[in-house]
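Student: Please take a close look at the aromatic contacts in this model. I would like the pairs described together with their surroundings and the confidence behind them.

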Protein chains: 2
Amino acid sequence: MATRGPRIQAPWHLPWLFFLCSVTCVLCVSPSKVPRLGVREITMEKLKLQSLASSHQKFRTFYYNQTLDHFNYRPESYKTFQHRYVLSFKHWRGPNTMAPIFVYLGEESSLNDDLGYIGILSDNAARFGALQVYIEHRFYGESIPFVSREEALKDANLRGYFSSAQTLADYAEVILHIKRKYSADSSPVIVFGGSYGGMLAAWFRLKYPHVALGALASSAPVLYFDNITPSNGYYTVVTKDFKESNGLSILQKKFNTCKPLEAAAELKNFLDSLFSVAAQYDRPPRYPVDLVCKGIDSAPEGSDVLDRIFSGVAAYFGKKPCYNLDAFFSAETLDGWSWQTCSELVIPIGRGSNDTMFPADPFDLKEYIEECKRTFGVPPRPHWITTYYGGHHFKEVLRRFGSNIIFSNGLRDPYSSGGVLENISDSILAVYTTKGAHCMDLLPATIGDPEWVVLQRNIEIEIINGWILKYYQDLLENSI
Amino acid sequence: MATRGPRIQAPWHLPWLFFLCSVTCVLCVSPSKVPRLGVREITMEKLKLQSLASSHQKFRTFYYNQTLDHFNYRPESYKTFQHRYVLSFKHWRGPNTMAPIFVYLGEESSLNDDLGYIGILSDNAARFGALQVYIEHRFYGESIPFVSREEALKDANLRGYFSSAQTLADYAEVILHIKRKYSADSSPVIVFGGSYGGMLAAWFRLKYPHVALGALASSAPVLYFDNITPSNGYYTVVTKDFKESNGLSILQKKFNTCKPLEAAAELKNFLDSLFSVAAQYDRPPRYPVDLVCKGIDSAPEGSDVLDRIFSGVAAYFGKKPCYNLDAFFSAETLDGWSWQTCSELVIPIGRGSNDTMFPADPFDLKEYIEECKRTFGVPPRPHWITTYYGGHHFKEVLRRFGSNIIFSNGLRDPYSSGGVLENISDSILAVYTTKGAHCMDLLPATIGDPEWVVLQRNIEIEIINGWILKYYQDLLENSI
């Protein structure tokens, strides 16, 4: 049970790799939260990123007057808040050219965490002459209605507007606004997203096919709701991964913990907290983010991800005889995600007694609901996601409905257990790698990338290219 | 401008034929609002209805604890209200048989107005062994949250929950509830709807393809939003219809008006009000509904629709030297529709100076918005329908997305100007008749039906049969 204090009490099994995916970028590429600029470039350079398209382009920030509630007509619903989106015109072919628009759909973190860190848009914009758009998720980053993030999440009424359906409607409004503003009405739109943002991308194509021509949904566990995926799917993959890398004993040694690790969750919670704190309190004179990033970067040549992370931990705390795993704090993502999983995103992760390397901890919906009620005063709606977005009989439904969605996964990612791993139709496709991790295809291409991720990205882009060509062909046919 | 007093001030061009379609049934087949039973049978018999399946079956009424707001997690949103739905098991093949479920999606009136009046479900249930479901639209009939209809519509907060997106989510919840309750998880669901209800049916298939396998959207002007259809489309068809039947002079003569008619709108408003009042105040000792129905029925053999309507008018007022068109009152549909068109359903109907038989009255969005603000205190959201449901580039979008929707129309219906009249893909199809009127295919089959409407209905049912067969085939293939 991941319990991180009364407010952010994240329900049970806070998705570790979700977290790693976004925290890594919180750590290293978050320009606005880091008063000193340049952290991103230094870090990336040291990580030997070759394609620095993203860091060399100018991002321009805009704010849209976003409607508070799209589905409700109470007078309060008409209020608007400042909704942040960011554009890069660097490779754009310009208005009235029908050049595509690539849109990154923000997930459970500040948009600062994505800019530069998400490479797939910038790496491919030149080839397509595409306009790049990055849209922040409401209630994260600078897109928080009216008050501070803390106040917004404390306010039971205000946080009621924090939901995926409202977020998708936000995205539709911003995209249509941009198309009007830049005379790009006929431009095909492709949406991209990873993890929870990948679910949003897939759902956006399903709910707003008139706004987005296609979606790349990276590591999106769209089937991890209700009873579609066995609840131990997540930890079964974790166990498999650790088996392959010699499991807990390695972790224990690597992190030089004061007490023997009883479960990977302890370390997980510890890393959760450490990275969050480093990001949230990244201020003079210590600049902990910089500190951890430098630690990560200074790991010896040939270090693997865990070595690097520990090297970051050691840099943060300084050299110690051993490391204490009790410093728990909150962070933007943890807070927001805690509410989201207690309102609608009920992902039933659990594990039986002998099916993983962890102690038994079956998913208990009743307990989950009670905990959410204690924390937020309202119960979650555990069946709403499948009611609104579907999930049951996914293949049968989408076989004759919908098109142009890529579900990409890496099978070492525990969330791949709830992902779509089978082609559904000619254009709803599964592209996965056996070695890949969470959201890997979205990162900027680098020299050191293994061949299989290069291949995966190429396949994805060729599929997208096919959608765009077909779109142009249709336009041509209709105009003749 | 149809102005019917301060509360029901229906915005501008209240859809006459929408109104006729639903008022006809309010008049003649509304069992619960008519304290004396039997009106329906008498009327139908006299109208020589042959297929009386609908009146001979037992409808069973149920109430579902419906969530007030599906897209919002404010504490108030969790409240539930009693949502009415009605089942007929008469032809149902039973649980675990995969027999289809036919669902009628209620429109802007009480469900009482639909039961018995909508024939296409009952006329075809036997062939398919189908369960029949009729679901009421929130804020109509008995499905009004917490208070009386009048109070609900006066309450600016409460009426905020009165929207099409909430309604579609209601329908999804009720259908999934019924499938669980009656062990019909694998039953294919076909949704039916007419006019606004037809829009709901089409949109339901697009937004909830995992809940409904297909939709019959009868007379659904899904393209009458934003600037997709020219605003004079509606009145151009009205003009064409009246030209063919010799126009205003005939109306004037038929209705024996005290003053010459200056526009059809006067008569339209008059009929609006007369029928509404008759339905709303249908009580002893006069039973005005019965009175009007008897008037309609007693029109001489061979009377056309207008003759019959006038005959009803004359019966209501008694024989008079001439008829005064000033008695304006409210009715459930008018009230509800007034709010719906002032919040989201902005259908821009207008007419230029020389394009119809009516005086010029161009659609003026600014004026429309101001009027809505005066009436309800909030402006409409005129672009929301196309943002959420689409509409622009309809054909291009649905050509490669979505499936299993029939758009049926009759070209004499003014709303067909905003309908889909072209096949879009192999399974998104337009089935129209040149002579047909609004929602005609949904009515119970009768001996006197013209051949072309019989043909239209047969085509529709065969298409639906094809969807269902394919669905079974898929299940079979997957189970092998």
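Tutor: What follows goes from the basis of the model to the aromatic rings, then to the core, one loop and the confidence.

This is a predicted model, in which local features need pLDDT of at least 70 and side-chain atom pairs count only at pLDDT 80 or more, while totals for chains, interfaces and linings use all residues; side-chain values use heavy atoms, with hydrogens and water left out. Residues are numbered from 1 along each chain as its sequence is written, and chains are lettered from A and ligands numbered from 1 in the order in which they are written.

Over all chains, the structure holds 56 aromatic pairs. A pair here means rings of Phe, Tyr and Trp (its six-membered ring) with centres within 6.5 Å; planes under 30 degrees apart are stacked, over 60 edge-to-face, and the rest tilted. One of the pairs is Tyr73(A) with Trp339(B): the ring centres are 6.4 Å apart and the planes stand at 85 degrees, so the pair is edge-to-face. Tyr73(A) lies in the loop between strand S1 (60-67) and strand S2 (80-88) of chain A, and Trp339(B) lies in helix H13 (residues 332-343) of chain B, so this pair joins two chains. Helices (H or I, at least four residues) and strands (E, at least two) are DSSP runs, numbered from the N terminus. Tyr73(A) is buried at a relative accessible area of 1%, and Trp339(B) is buried at 0%. Buried means under 20% relative accessible area, exposed over 50%, and partly exposed in between (1.4 Å probe, protein chains only).

Tyr388(A) and Phe71(B) have ring centres 5.2 Å apart and planes at 75 degrees, so they too are edge-to-face. This pair also crosses between chains, with Tyr388(A) in helix H15 (residues 384-389) of chain A and Phe71(B) in the loop between strand S1 (60-67) and strand S2 (80-88) of chain B. Both Tyr388(A) and Phe71(B) are buried.

Charges also sit over rings (NZ of Lys or CZ of Arg within 6 Å of the ring centre and within 35 degrees of the ring normal). Arg159(A) lies over the face of Trp339(A), 5.0 Å from the ring centre. Lys207(B) has its charged end over the ring of Tyr208(A), at 4.6 Å from the centre.

Phe204(A) and Phe204(B) have the most contacts inside the largest nonpolar core, a set of 166 residues. Such a core consists of buried Ala, Val, Leu, Ile, Met, Phe, Trp, Tyr and Cys residues joined through side-chain atoms within 4.5 Å. Beyond four places in sequence, Phe204(A) touches residues including Leu105(A), Tyr171(A), Ile175(A) and Pro209(A), a contact being heavy atoms within 4.5 Å.

Away from these rings, Cys322(A) is in the loop between helix H12 (305-317) and helix H13 (332-343) of chain A. At 25% relative accessibility, Cys322(A) is partly exposed. Its C-alpha is 5.3 Å from that of Asn256(A), although the two are 66 residues apart in sequence.

As for confidence, chain A averages a pLDDT (the predictor's confidence in each residue, from 0 to 100) of 80, and 77% of its residues score at least 70. In chain A the mean is lowest in helix H2 (residues 39-46), at 28, and highest in strand S4 (residues 131-135), at 98. The predictor gives the complex an ipTM of 0.74 and a pTM of 0.76.
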